[in-house]
Every structure is written in structure tokens, then in C-alpha cells.
Amino acid sequence: MVEHIVLFKWQPDATEAAIADVLAALRGMVGKIPSIVALSCGENFSARSQGFTHGLVVRFHDRQGLADYQPHPLHQEIIATKIKPILAETLAVDYDC
């Protein structure tokens with residue numbers, strides 16, 4: 001299995017509605033991108049987050065599943081239309097589990 005973890009830091013003027021729209025869109029990938037085994041995302045509550053306020057975890061069977069997910073048109077559309085317009089910074093980690 002492969003875990004894909006992404007942390008998000010939003011621009012100061014990002015609205016709660018825009019952030020909620022991102023999370024809904026991310027959750028909506030399940031069942032539409034075949035290589036996704038499991039997906040969760042939500043708002044951080046840890047004091048150790050260094051300003052990253054939301055996180056995404058996507059599980060795949062293998063590295064090929066992650067490779068297939070990254071360029072998938074739905075994933076790319078969400079990045080371009082929902083994430084990038086309000087994104088300040090992101091951090092991603094991928095590992096075998």
C-alpha cells in the first residue's frame with residue numbers, strides 16, 4: 001500500500017466556503033478515480049501544524065496507483081480550479097506502508 005499525504009496552508013483571504021468546496025471536491029474523487037483505495041481529508045486541530053490548516057490522505061494499492069492518480073483529469077481539475085486559487089503553501093509526503 002502507498003499513503004499520499006498532503007498538507008494545505010491557505011491564503012489569508014480564503015473563505016470558509018472555498019475551503020469547504022475544496023474538501024468536498026477531494027472527497028468526490030472516491031469512486032471516480034479508480035486507483036483510490038481510501039481517502040480522508042479534514043481540518044487540523046493540532047497545535048504543531050506550523051500553519052497548515054487542512055490535510056488529505058489518499059491510499060493506493062501501489063506506486064503505480066499513485067502515478068495514475070496524479071495526472072488524472074479530475075484530480076488536475078480540482079487542483080486548477082479549486083485548490084490553486086486559494087493555496088498559499090502545500091507539503092506532500094508519499095510512502096509505502
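This section describes two helices and the largest pocket of a predicted model.

Helix 1 covers residues 16-27. Its twelve residues should span 16 Å at 1.5 Å a residue, and its end C-alpha atoms do lie 16 Å apart, so expectation and model agree. Five names make up its buried set: Ile-19, Val-22, Leu-23, Ala-25 and Leu-26. These residues cover an arc of only 165° around the axis, which means that they sit on the same side of helix 1. Glu-16 and Ala-17 are exposed on the other side. The buried residues of helix 1 pack against three strands and a helix: strand 1 (2-10), strand 2 (36-43), strand 3 (54-60) and helix 3 (73-83).

Helix 3 buries His-75, Ile-78 and Ile-83. Viewed down the axis, the buried residues of helix 3 fall within an arc of 60°, and therefore line one face of the helix. Their packing partners are strand 1, helix 1, helix 2 (63-69) and strand 4. Strand 1 is thus a contact of the buried residues of helix 1 and of those of helix 3.

The largest pocket holds about 220 Å³ of space. Its lining comprises 14 residues. Val-6, Phe-8, His-75, Ile-79 and Thr-90 lie nearest the pocket centre. Strand 1, helix 3 and strand 4 (87-96) each give two or more residues to the lining. By class, nine lining residues are nonpolar, four are polar and one is charged. His-75 links the two descriptions: this residue is buried in helix 3 and is among those nearest the centre of the largest pocket.

Definitions and conventions: Residues numbered from 1 in each chain as written. Predicted model: local features only at pLDDT ≥ 70, side-chain atom pairs only at ≥ 80, totals over all residues. Heavy atoms only, no water. Helix = DSSP H or I, 4+ residues; strand = E, 2+ residues; numbered from the N terminus. Expected span 1.5 Å × (residues − 1). Buried < 20%, exposed > 50% of the residue type's maximum accessible area, 1.4 Å probe, protein only. Arc of directions from axis to C-beta. Contact = heavy atoms within 4.5 Å. 1 Å grid on protein atoms, 1.4 Å probe; cavity = no way out; pocket = protein on both sides within 12 Å on 5 of 7 lines; lining within 4 Å. Points joined across faces, edges and corners; volume = space filled by probe spheres on them. Nonpolar A, V, L, I, M, F, W, Y, C, P; charged D, E, K, R; others polar.
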